[in-house]
Amino acid sequence: MKFLVHWTSEEMGGAVDFRRPSSFWAESEVGRAANLAGSVGEYGIAIEERLDALYREHPEEFVSGRDRLVKDLRAAGDREEADRIKKLRRPSVAAWLINRTALSSPEPLEEFAEASRRLEEAQGRALEGQEEAVAEWRTAAARERDANAAVIEAAAGLARDAGRSVNPRALEL
């Protein structure tokens, strides 16, 4: 499963959500690229690939890349899709790091999402008063911290590979 970071002030209050698979975004308002029959065709796949490439770029290059994609879509006659993509906002450095991780090595994010889900479940059982749940909660919290560290390590490595230095605060998740 491939993940993408996406957020808007209107949809998520500026929060980052990396747990939605890219297929969700391909069918959403922002990433919709369907043919007249309603299925994602070659055109939709090409747009999804270009959006993936756009979100791999450093935030400094995002706007120019987005504008090139918009220009190409308008030249192809898809004004509606171009208008939607023109509304995409430049990601923060933290979102860019998560995007690069999601697109290049999604395993750490998948593990983090699973660890977070397990922690939430353990917390729920602990709050219900289940006796063994407190120990499970501590174990799940430790696993989530380890998974978080793996995401940070992967993101930092990808930033270095892209020739970018990253402020350590941008890596705090």
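The largest nonpolar core, meaning a set of buried Ala, Val, Leu, Ile, Met, Phe, Trp, Tyr and Cys residues joined through side-chain atoms within 4.5 Å, has twelve residues: Ile-47, Leu-51, Leu-54, Tyr-55, Phe-62, Leu-69, Val-70, Leu-73, Ala-82, Ile-85, Leu-88 and Leu-103. At least two residues of this core come from each of α3 (42-56), α4 (59-75) and α5 (79-86), where helices are DSSP runs of H or I with at least four residues, numbered from the N terminus. The model is predicted, so that local features need pLDDT of at least 70 and side-chain atom pairs count only at pLDDT 80 or more, while totals for chains, interfaces and linings use all residues. Residues are numbered from 1 along each chain as its sequence is written, and side-chain values use heavy atoms, with hydrogens and water left out.

Within the core, Val-70 touches Ala-82, Ile-85 and Lys-86, leaving aside residues up to four places away in sequence; contact here means heavy atoms within 4.5 Å.

Further along the chain, helix α6 (residues 93-104) and helix α8 (residues 133-161) have axes that come within 9 Å and cross at roughly 95°, the axes being lines fitted to C-alpha atoms over the stretch in contact, with angles from 0 to 180 degrees between N-to-C directions. The two helices α6 and α8 are therefore roughly perpendicular, a class that covers 65 to 115 degrees. On α6 the contact involves Trp-96, Leu-97, Ile-98, Arg-100, Thr-101 and Ser-104, and on α8 Val-151, Ala-154, Ala-155, Leu-158 and Ala-159.

Leu-109 lies in helix α7 (residues 107-127) and is buried, with a relative accessible area of 1%, where buried means under 20% with a 1.4 Å probe and protein chains only.

Methods
Buried means under 20% relative accessible area, exposed over 50%, partly exposed in between (1.4 Å probe, protein chains only). Angles under 35 degrees count as roughly parallel, over 145 as roughly antiparallel, 65 to 115 as roughly perpendicular and the rest as oblique.
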